[in-house]
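Colleague: I've just opened this one and I'm not sure how to read it. Could you walk me through a few features?

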Amino acid sequence: MKIAHLSDLHCLALDGVPARRFLNKRLTGWANIRLKRGSIHRTAYVHAIAREIARRGVDHVVVTGDLTNLALDGEFELARDVLEHELAFDAAKVTIVPGNHDTYTRGAVTTRRFERHFGPWLASDLPDLAVDVGGTRMPVVKLRGEVAIVALSSAVPQPPLVAAGELGGAQLAALSRVLAHPEVARRTLVLAIHHPAVHDWSPVKARLEGLRDASELLALLSSVPRGLLLHGHLHRRVQRTVPTREGEVHQIGATSASLHHESPDRMAGFNLYEIDASGLRHAEAIVFDPATTTFHAASIPKHV
């Protein structure tokens with residue numbers, strides 16, 4: 001199976017949004033956009049990447065969160081338009097998870113905004129094992145040939161300047177049941193989540209930006225013989241090998257699909273993986289070149 005992995009679209013739509021919608025955490029987010037983010041994240045890159053993925057005819061697409069900037073309805077509509085008209089894959093062939101920007105405010109969660117806009121992409125093959133979390137139901141499981149794609153939500157509303165994630169006890173317990181299901185256990189696992197489980201941050205940075213129950217997630221994965229843990233959040237390409245009792249899991253991050261950056265490890269693009277019953281066969285980055293509007297393949301840096 002060939003899987004395309006993109007992340008952190010950060011679709012922005014501020015036109016017509018009343019000022020009262022910014023009387024919360026969005027005020028700091030709006031300031032960040034005006035000072036920096038708006039100039040380095042370019043939605044045109046996202047459209048080009050979606051069209052390139054569609055052209056390559058992959059078997060499945062995984063989107064690991066932050067489809068929006070401020071969790072506004074207009075931004076969700078922009079992201080959905082990319083999925084429907086640029087990527088144009090059947091929803092059954094696309095797996096998406098929310099990122100911290102998609103649950104930017106408590107209102108986005110209580111109104112189930114992510115679920116409301118992306119419902120067709122959240123259909124699970126094992127719906128009875130899902131639980132309510134972050135304004136949607138997770139895990140979402142898609143059984144595809146020799147691969148089991150499992151989507152988790154690490155996105156929870158946080159105070160200003162905090163971007164940490166958390167799965168929570170209910171979702172972790174649900175994931176345990178999913179991993180034990182025979183239709184999942186016999187397949188190669190592809191786990192999709194926004195925040196990385198393994199990193200080299202300081203304790204302070206991990207508390208502000210990391211996955212706060214990463215150790216609990218890794219404990220559940222310790223019995224997995226082979227698989228991938230796909231994430232976003234870092235806005236850079238990176239891969240790590242995570243040993244388990246039975247084998248290993250490859251944690252791989254995709255950069256932001258909208259990011260303009262001088263570093264080839266951070267410039268907008270997507271990742272491609274070839275996976276079969278034995279696990280990961282090949283991984284590479286597909287990097288966008290804005291000067292020529294073309295794409296080229298590159299290696300994904302390994303972090304030891």
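Modeller: Happy to. Keep in mind that this is a predicted model. Let's begin with one residue: Glu52, which lies in helix 2 (residues 43-56).

Colleague: Is Glu52 buried or exposed?

Modeller: To call a residue buried, we ask for a relative accessible area under 20%. Glu52 has 10%, so Glu52 is buried. Something else to look at is what sits by a residue in space but not in sequence. The C-alpha atoms of Glu52 and Phe295 are separated by 8.3 Å, although these residues are 243 apart along the chain.

Colleague: Which rings does Phe295 join up with?

Modeller: Phe295 is part of a cluster, linked by ring pairs, together with Tyr45, Phe270 and Phe288.

Colleague: How many aromatic pairs are there in total?

Modeller: The count is seven. One of them is Phe118 with Trp121: the ring centres are 6.1 Å apart and the planes make 80°, which is edge-to-face. An angle over 60 degrees is what earns that label.

Colleague: And are those two rings' residues buried or exposed?

Modeller: Same cut-off as for Glu52. Phe118 has 0% relative accessibility, so Phe118 counts as buried. Trp121 has 4%, so Trp121 counts as buried too.

Colleague: Which charged residues sit over rings?

Modeller: Here you check how far the charged end is from the ring centre, and whether it lies over the face. Take Lys93: its charged end sits over the ring of Phe89, 5.0 Å from the centre. Lys205 is another case, lying over the face of Trp201 at 5.2 Å from the ring centre.

Colleague: Let's move to sheets. What is the strand order in the open sheet of six strands?

Modeller: Read across the sheet, not along the chain. The order is 3-2-1-12-13-14, and the pairing is mixed. At the edges stand strand 3 (94-97) and strand 14 (294-298); each has a single partner strand, so one side of each has no neighbour in the sheet. Ignoring direction, neighbouring strands here are turned by 25° against each other on average.

Colleague: How do strand 1 and strand 2 run?

Modeller: Strand 1 (residues 2-6) and strand 2 (residues 60-64) run parallel, joined by four bridges. If you want a spot to click on, Ala4 has Val61 in strand 2 as its bridge partner.

Colleague: Which strands pair with strand 11?

Modeller: Look on each flank in turn. Strand 9 (residues 226-231) pairs with strand 11 in the parallel sense over six bridges, and there His231 stands opposite Gly253. Strand 10 (residues 238-243) is also joined to strand 11 by six bridges, but these two run antiparallel. On that flank Arg240 faces Gln251. Strand 10 and strand 11 make a hairpin, with four residues between them.

Colleague: Is strand 11 itself mostly covered or open?

Modeller: Mostly covered. Strand 11 spans residues 248-253, and five of its six residues are buried.

Colleague: Last one: how are helix 6 and helix 9 arranged?

Modeller: For a helix pair, read the angle, the axis distance and the handedness. Helix 6 (residues 169-180) and helix 9 (residues 214-221) pack at about 15°, with axes 10 Å apart. Angles under 35 degrees count as roughly parallel, and helix 6 and helix 9 are therefore roughly parallel to each other. As for handedness, helix 6 passes helix 9 in a right-handed crossing.

Methods
Residues are numbered from 1 along each chain as its sequence is written. This is a predicted model: local features need pLDDT of at least 70, side-chain atom pairs count only at pLDDT 80 or more; totals for chains, interfaces and linings use all residues. Side-chain values use heavy atoms; hydrogens and water are left out. Buried means under 20% relative accessible area, exposed over 50%, partly exposed in between (1.4 Å probe, protein chains only). Two strands pair if DSSP finds at least two bridges between them. Rings of Phe, Tyr and Trp (its six-membered ring) pair if their centres lie within 6.5 Å; planes under 30 degrees apart count as stacked, over 60 as edge-to-face and the rest as tilted. A charge sits over a ring if NZ of Lys or CZ of Arg is within 6 Å of the ring centre and within 35 degrees of the ring normal. Axes are lines fitted to C-alpha atoms, for helices over the stretch in contact, and angles run from 0 to 180 degrees between N-to-C directions. Angles under 35 degrees count as roughly parallel, over 145 as roughly antiparallel, 65 to 115 as roughly perpendicular and the rest as oblique. A crossing is left-handed if the near helix is turned anticlockwise from the far one by less than a right angle, and right-handed if clockwise.
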